[in-house]
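Please open the model in a viewer and keep the sequence panel visible. The tour proceeds by selections, each followed by a note on what is to be found there.

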Amino acid sequence: MKNQPKTGSCQCGAVRFELHADPVDVYCCHCLECRKQSASAFGISMPLPAAAFNLLQGTPKKWSRPTNSGGEIDCYFCGTCGSRLWHENSKRPDIRIIKGGALDEGVSLENADHIWTCRTLPGLPVASFARTHDRGKDMAADRETDVDQDK
Ligand SMILES: [Zn+2]
Ligand SMILES: [Zn+2]
């Protein structure tokens, strides 16, 4: 089972995808964009090579927004149930940023970087061992993300 691809879907199951590689990083981003995007406390972003991403079923809808650095982020979601599934940055077309909550198997956040923790909601516990970054992490900003778009 070790080489079984990871699978994910929207909440209603109309859109399904699989990953043929493990994501290179896991970010929990507490910025306002990610809070809105997830309609929750923070967004989970997991970048991986675009070639390792395979859409299995369904046709997601796309919403695009500009980034502060002059690029554009394409946000893919299910048009039926609304679940956000993955992002693509026009400046990094070789990367897909998977939204972690969409994966069928729960994602481990043990090694996640928590970014924009200056925006963390009051009362939200972040493990004491977690790597935290008050604002965006440079590496993350290069790769995508939602982190350069805090407002
Ligand atoms: Zn759906
Ligand atoms: Zn964010």
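**A covered strand and its partners**

Begin by selecting β4, a mostly covered strand in which six of the seven residues are buried. The model is a predicted one, and the selections below should be read accordingly.

Keep β4 (43-49) displayed and add β3. These two strands run antiparallel and are joined by three bridges. Within this pairing, Tyr27 is found opposite Ser45 of β4.

Next, add β9 (92-99). Five bridges connect β9 with β4, and the two strands are antiparallel. To locate this pairing, select Pro49 together with Ile95 of β9, which stands opposite Pro49.

**The largest nonpolar core**

Which residues touch the most other members of the largest nonpolar core? Select Tyr27, Cys28, Cys29, Met46, Leu85 and Ile98, which hold that position in a core of 26 residues. At least two core residues come from each of β3 (27-29), β4 (43-49), β7 (72-77), β8 (84-89) and β9 (92-99). Of these strands, β7 makes the largest contribution, with four residues. In soluble globular proteins, nonpolar side chains tend to be buried together.

**The whole chain**

Zoom out to the full chain, which contains two helices and eleven strands. Followed along the sequence, these elements appear in the pattern β-β-β-α-β-β-β-β-β-β-β-β-α. Buried residues make up 35% of the 151 in the chain. Among contacts with a separation of 6 or more, 58% are between residues 24 or more positions apart.

**The open sheet**

Now select β1, β2 and β5. These three strands form an open sheet in the order β1-β2-β5, with antiparallel pairing. Why is one side of β1 (6-9) and of β5 (53-57) left without a neighbour in the sheet? Both strands stand at the edges and each has a single partner strand, so one side of each has no neighbour there. From one strand to the next, the twist averages 25°.

Restrict the view to β1 and β2 (residues 16-19), an antiparallel pair joined by four bridges. Thr7 has Glu18 of β2 as its bridge partner, and Gly8 stands opposite Phe17 of β2. Six residues lie between the strands of this hairpin, and among the hairpin's residues Gly13 takes a positive phi near 90°.

**Two positive phi values outside glycine**

Most residues other than glycine have a negative phi, and most peptide bonds are trans. With that in mind, move to the loop between α1 (32-38) and β4, where Ala39 lies. Ala39 is not a glycine, yet its phi is positive, at about 50°. Ala39 counts as exposed because it has 9 C-beta neighbours inside 10 Å, and the limit for that class is 12 or fewer.

Select Trp116 next, in the loop between β10 and β11. Is Trp116 buried or exposed? Trp116 is buried, because 28 other C-beta atoms lie within 10 Å, where 20 or more are required. Its phi is also positive, at about 55°, although Trp116 is not a glycine.

**A last stop in the loop**

Remain in the loop between β10 (113-115) and β11 (131-133) and select Leu124. Leu124 counts as exposed because it has 11 C-beta neighbours inside 10 Å. Finally, draw a distance from the C-alpha of Leu124 to that of Phe42: the two residues are 82 positions apart in sequence and 9.9 Å apart in space.

Key
Residues numbered from 1 in each chain as written. Chains lettered and ligands numbered in written order. Predicted model: local features only at pLDDT ≥ 70, side-chain atom pairs only at ≥ 80, totals over all residues. Core = buried A, V, L, I, M, F, W, Y, C linked by C-beta atoms within 7 Å. Contact = placed C-beta atoms within 7 Å. Pairing = 2+ DSSP bridges. Axes fitted to C-alpha atoms, helices over the stretch in contact; angles between N-to-C directions.
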